[in-house]
Amino acid sequence: MTVPPQVSDRAFARLAEINDGADAPQALRVAVDGGGCSGFQYDIKLEERAADDDLVLERDGQKVLVDPVSLPFLSNAVIDFSEELIGARFVINNPNATSSCGCGTSFSM
């Protein structure tokens, strides 16, 4: 059974900041693609609308989208937002990853 990912309060808050004042708010798409230095890589981007088969995680009008192919790779993961001295970014805390690269965007299972 696949447990859907969770989205942290910080991630929803940052998405709300991004969309503040926008004519057409965008959703955050989180996907997993083959590639990267560890076998799989995260693809995180903004999109205008969800596909018919997307999982839509929503809070306070903000949406995070996950396609059905990526969903098993993100089972029980937490989509978060991190702000550090080296930069700010959306991050995935994925309990399914057995290893990851130094930049945190590539992982293996």
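This is a short tour of a predicted model, with stops at the overall fold and then at its aromatic pairs.

Start with the whole chain in cartoon view. You should find one helix and nine strands. Trace the chain from the N terminus and the order reads β-α-β-β-β-β-β-β-β-β, with the helix sitting between strand 1 and strand 2.

Now switch on the surface. The protein exposes about 6,400 Å², and carbon and sulfur atoms supply 48% of that area. Of the 109 residues, 34% count as buried. If you like looking at contacts, take those between residues at least 6 apart in sequence: 52% of them join residues at least 24 apart.

Next, hide the surface and go for the rings. There are two aromatic pairs to visit.

Select F40 and F73 first. Their ring centres are 4.8 Å apart; the planes meet at 45°, which falls between the 30 and 60 degree cut-offs, so this pair counts as tilted. Colour by sequence position and you'll see that the pair links distant parts of the chain: F40 belongs to strand 3 (residues 40–47), while F73 is in the loop between strand 5 (62–66) and strand 6 (78–84), 33 residues apart. Are these two rings buried or exposed? Neither quite: F40 is partly exposed at 24% relative accessibility, and F73 is partly exposed as well, at 22%.

Then move to F81 and F90. This aromatic pair is edge-to-face, with 5.1 Å from centre to centre and 65° between the planes. F81 has a relative accessible area of 9%, so it counts as buried. F90, at 15%, is under the 20% cut-off and therefore buried too.

Technical notes. Residues numbered from 1 in each chain as written. Predicted model: local features only at pLDDT ≥ 70, side-chain atom pairs only at ≥ 80, totals over all residues. Heavy atoms only, no water. Helix = DSSP H or I, 4+ residues; strand = E, 2+ residues; numbered from the N terminus. Buried < 20%, exposed > 50% of the residue type's maximum accessible area, 1.4 Å probe, protein only. Contact = heavy atoms within 4.5 Å. Areas by Shrake-Rupley, 256 points an atom, 1.4 Å probe, with all protein chains shown as cover. Phe/Tyr/Trp six-rings, centres within 6.5 Å; stacked < 30°, edge-to-face > 60°.
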